[in-house]
Structure formats: C-alpha cells, structure tokens
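Q: Could you give me a close look at one chain of this model? I would like a single connected account that I can follow with the structure open beside me.

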There are 2 protein chains.
Amino acid sequence: MINAISTSAGDRTADNSFALVIHGGAGVIIQEERTPEREAAILARLQESLQTGHAILATNGTSLDAVVAAVKVLEDSPLFNAGRGAVLNSEGAAELDAAIMDGATRKAGAVAAVKRIKNPIEAARLVMDRSNHVLLVGDGAEMFATGEGMELVSPDYFVTEHRKKQLERIQREQSKLRAHSDWEHAVDSLGTVGAVARDRHRNLAAGTSTGGMANKKPGRVGDSPIIGAGTYANNATCAVSATGHGECFIRAVVAHDISALMEYKDMSLIEAAELVVKKNLVEFGGEGGAIAVDRSGNVATPFNSQGMYRGYVREDGKSFVAIY
Amino acid sequence: MINAISTSAGDRTADNSFALVIHGGAGVIIQEERTPEREAAILARLQESLQTGHAILATNGTSLDAVVAAVKVLEDSPLFNAGRGAVLNSEGAAELDAAIMDGATRKAGAVAAVKRIKNPIEAARLVMDRSNHVLLVGDGAEMFATGEGMELVSPDYFVTEHRKKQLERIQREQSKLRAHSDWEHAVDSLGTVGAVARDRHRNLAAGTSTGGMANKKPGRVGDSPIIGAGTYANNATCAVSATGHGECFIRAVVAHDISALMEYKDMSLIEAAELVVKKNLVEFGGEGGAIAVDRSGNVATPFNSQGMYRGYVREDGKSFVAIY
C-alpha cells in the first residue's frame, strides 16, 4: 500500500506556475462501496473538479476562485459527504460545514450547521468577503446568506437514499458503535471534500466542505469550518485542507500545526504534513489525512487511513487521481 | 502604563505548587464605565473568582474543576460579557460561547451560539466529558445539555439594562461604526472571561466564556469556543485563554501559536505569549490579550489594549488583580 503521494519539485517561488490539490475524504472504505463502478465515478468526478479549477488558474484566476470552483463540483455530486449527498445527523437531517482561507491576507470565512445552503463553500466565501465576521452558524448563517442574495434550498435537497440507508444501518448497530465509536465513526465520515491551490500570483488558498459525521448529534461541528484545524492558509507557509475524524483534528489543531512546523522548525511542507498526519494524529487515534501546497508549489497528500480520495493538477494540465 | 504582568519563578516542574490566572476581558474601557465604583466591583468579583478556584486547588482539586468554578463566578456576574450580562446581538438577544480544554489528555469541549444555558462553561465541560464531540452549537447544544440534566433558563435571564443601552447606542451610531468597525467592536466586546490553571498534579487546563461582540450578527461565533484560537491546553507546553477582537484571534490561531512557539522554537511562556499578543496580533489589528500558565507554573498576561481585567493567585493564597 502506498500511503502518500508527496511530490517535490524544488523551490518554485520565482516562477509563476500553479498547482491545485483536492480531496474527497479519507477513512476506511467499507466493502459495499468498493465497486469498480462507484470508484470509477468518484475518480471521474475528482477529474472534473481538477479540470474546473485548472481552467481558472490557467487563465490567471486566483487560488480562491479555483478552490471554490473545485469544491463546488464535489459538493454538487452525491458521491461525496458535502453538499448534496452529505451524511445525515441522528435526526435524519444534513447539517453542513465549510470554510475558506486566503493565504495572502489570512482572511477567512466559514459556516457551520447550515441546513439550506446549497453550496456551503460559497457561503463561507461570502462571510469572508462581505461580513466582518469569520464564522456564522445555523439559522444566522442562512439569514446572512439570504441577505447577500443567495437562494436557499429545501433541506430535502441534500438527502439521498444512500445516506438514509447508511443512517439506518448505523442506528441499528448503535450498541456495537458505542464499543468502537472512533473507528466506526471514521468509516462513516468518509467523503469530506477540500481543495488547496497556489495561483500564478503566488497566492495560496484553502477550502473545505463537509456534512460531518454520520449519526452526529444535531449542532455538532467538526474540524472543517475551524480555522487552524481543518482549514488554514498562509502565504508564508502553506495552505491545508484536512479530512478525517474531526474531533481529533480539532484537538490536534492539524492545519495550523503543519504551518507552525514549517515556520518555526524550518521543516519542508512534506516533512511537516507527514509528521502531523502520520505521527501526531495517530497518537490521538485521529484517522484521516490532509492535502497541502506550499508557496513554492510543492504538494503533499499524506493520510494514515486505508484510503483518501485525492488528486492534483499542475500548469501542464496533467492530472493525477487516486483512492488508495 | 504597565502593559503586562509576566512573573517567572524558574522551573517548578518538580514541585507540586499550583497557579490560577483569570481574565475578565481586554480592550478599550469607555469613559462612562471608568468609575471607581464599577472598577472596585469588578476587582472584587475577580478576587472572588480567584478565591473560589484557589479553594479547589488548595485541597488537591484539579485544574479543570478550578477553571470551571473560577469562570462560573464571572459568568454569574452582570459585570462581565459572559453568562448573565452578556452583550446583545443585532436582534437584542444574548448568544453565548464557551470552551474548555484538558492539558493532560488534550480532550476539549465547547458550545457556541447558545441562548438558554445559564453557565456555558459547564455545558462545555459536559460536551468534553459526556459526548464524543468537541463542539456543539445552537439548539443542538441546548438539547444535549438538557439531556445531560442541565436546566435551561429563559433567554431574558442574560439581558441587563446596561447591555440594552449599549446596543441602542451602537445601533444609533451604526454609520460611524462601519467606518471604524474594528476599533469600535473591540471596545464593545470587552468582558470575555477565562481562566487557566496548573494544579498540584501538574496538569494544565484552560477555559473561556463570552457573549461575543455587541451588535454581532445572529449566529456569529468568535474565538473563545474555537480550540487553538481562544482556548488551548497542552501539558507539554501551556494553557491559554484569550480575549479581544475574536475574528483576528481566529485568523491568527492565537492560543495554539503560543504553544507552538514554545514547542518548536523553545521559547519561554512569556516570550511566546508576548510575541503573539504584542507583535503577531498587532499586525492583524487584533486588539486584546491572553492569559497563560506553563507546566512549571509560570504566568503570562500580555495585552496590547488599554486594559485587561485580570488576576492570579498561587499556593500562598496571595492574589493580584488589575485593570490597566
């Protein structure tokens, strides 16, 4: 099993090449979801996400725009645990979290526990660009989005048969779940999506969107919308989007820890990302992974789980996607 | 103006002395609140908070218990922006955030945007101890607290005449506010409360509780309940509780940055806390301060604002409280 793709291309600070990295979640992929058809569909959607972001970056677009567009493609697909097709909470509803951060200004925006916003990553961008807040939750976030001209959708929009069956299965097995809560939850949170990019202007950005953990308590918020935990960007170091068992990722302050190791320990992106994901997180029992890009365009995609849906593309348009 | 109290007492790792540090918010203290009577009342309540925590630590209680008890005294006082007397959002309601973190296990619990929980710090403790989540928001957090036997209070419990007048004043001056939003908001968020402690078992803990920013949008969440931003504890480094302009504190990942500078740059607690509060935060325009204690019982209370309500007490029971 190859456990990480870490590609280094030396210091590219001086050039104006770009890079886009995406993930569609990390964890254990349960047997019934390991069909060639499903995996082909997932890989195809990852390719579409990469191509969408590439088109923006190739025409001198910003890393922020590329991240939003790439994440939106995955939110709109029922194959991932974000936007349509998100996992359901213990009451059968989808509650969505998302965040975005701009590495140039270190401005950030996030929404959490929203139930009617079709593309939470766009709402996070609005919070960053058009409010003086960073994080808005629940009805308040929806009210803000509406005020900014965003149309709300019915909560039913997000719910798929696949997720209804998943919730039924989990709730049936709840006593077993309690005995192995960390493990089983990790399985059922697979599918968080995220993107990080370095654009031709040498600016970094990171974005993450998720439905969180299946059968979560209403109002539970994971690491995705928490700046420093699931999402972080800083032109001086790197842009990171994480995926996995959110509670562990919050406690380990994963994304900022990768940045701090680069800034304060002079580690490379790859050294820092691998240390946090494969050592620090493992000590917490924190299953999952992260994608990251640094100011030079180096890419890291470490994970400590069975698989992580992921991919990246560079200037030349050649893209790479993988699951295991 | 003395801008910080930083007391170092060498390495105390080997001994079993304890230390408790508290704050009641940092920012500009507006003229009308600078009366000798009000300041005496604030200092008296800070003393009561210190004594309450001291009694627990002196009888071999845990840093977690001391932090909760010290914060609760301040939440119950209408003088501070937490619990009763919290600032009001743009709709005239109090929406409360709180977090706690255990430095020994790095477990954490937090609630945000709750409207009916009398002591949010106790709800945060319940999330840590009795759920497998870290952060619960809004109605979901209240539902969880009720399920754990906590009684809810009417939203009116939190609202004071003082805060109603404050909101009216801010909304009257809203056009001026927009022009100077950061500055004015910082003024009106003064009063967040927090505590950090090192107990005789050499364990660290941190807790923070707040009503956030006056006239905030409904659903706005600041740094207090964000692990790594407003609250963080790690026995290997320090325990931190921050107070100030929350959006800047989230973007700067303040509490974890102090810890990372100690862990990765071998800085002392005081060097790390001063660098983050007086340099890094200032670059963001982030007005406020932080309190911190390290594994050896050293204490730091830097702030970059006009004042910070604060105090600390050690083994000998001699306490120190100050505003400017």
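**A strand and its surroundings**

A: A good place to start is Ile22(A), whose bridge partner in β6(A) is Ala195(A). Please keep in mind that this is a predicted model, in which local features need pLDDT of at least 70, side-chain atom pairs need pLDDT 80 or more, and totals for chains, interfaces and linings use all residues. Residues count from 1 along each chain as written, chains are lettered from A and ligands numbered from 1 as written, and side-chain values use heavy atoms, without hydrogens and water.

Strand β2 of chain A covers residues 19-27 (strands are DSSP E runs of at least two residues, helices H or I runs of at least four, numbered from the N terminus). Its pairing with β6(A), residues 193-198, is antiparallel and takes 5 bridges (pairing needs at least two DSSP bridges). β2(A) also pairs with β13(A), residues 307-314, again in the antiparallel sense, over 7 bridges. There, Arg314(A) of β13(A) sits opposite Ala19(A). The rest of the structure largely encloses β2(A), because 9 of its 9 residues are buried (under 20% relative accessible area, with exposed over 50% and partly exposed in between; 1.4 Å probe, protein chains only).

Another buried spot in chain A is Asn89(A), with a relative accessible area of 1%. Asn89(A) lies in the loop between α2 (63-75) and β3 (96-102) of chain A. Beyond its neighbours within four places in sequence, Asn89(A) is in contact with Glu95(A), Leu167(A), Asn215(A), Lys216(A) and Pro218(A) (heavy atoms within 4.5 Å).

Now let us turn to the partner chain. Strand β5(A), residues 135-137, runs antiparallel to β8(B), and 2 bridges join them. Leu135(A) stands opposite Val221(B) of β8(B). The whole contact draws on 43 residues from chain A and 43 residues from chain B. Together the two chains bury about 3,600 Å², and carbon and sulfur atoms give 66% of that area (accessible area lost on being put together, 1.4 Å probe, summed over both). His133(B), Arg251(B) and Tyr264(B) supply 19% of what chain B buries against chain A, more than any other three residues. Elements giving two or more residues to this side of chain B include β4 (108-114), α4 (138-147), β8 (220-221) and α9 (254-265). Of the elements on that side, α9(B) gives the most, with 6 residues.
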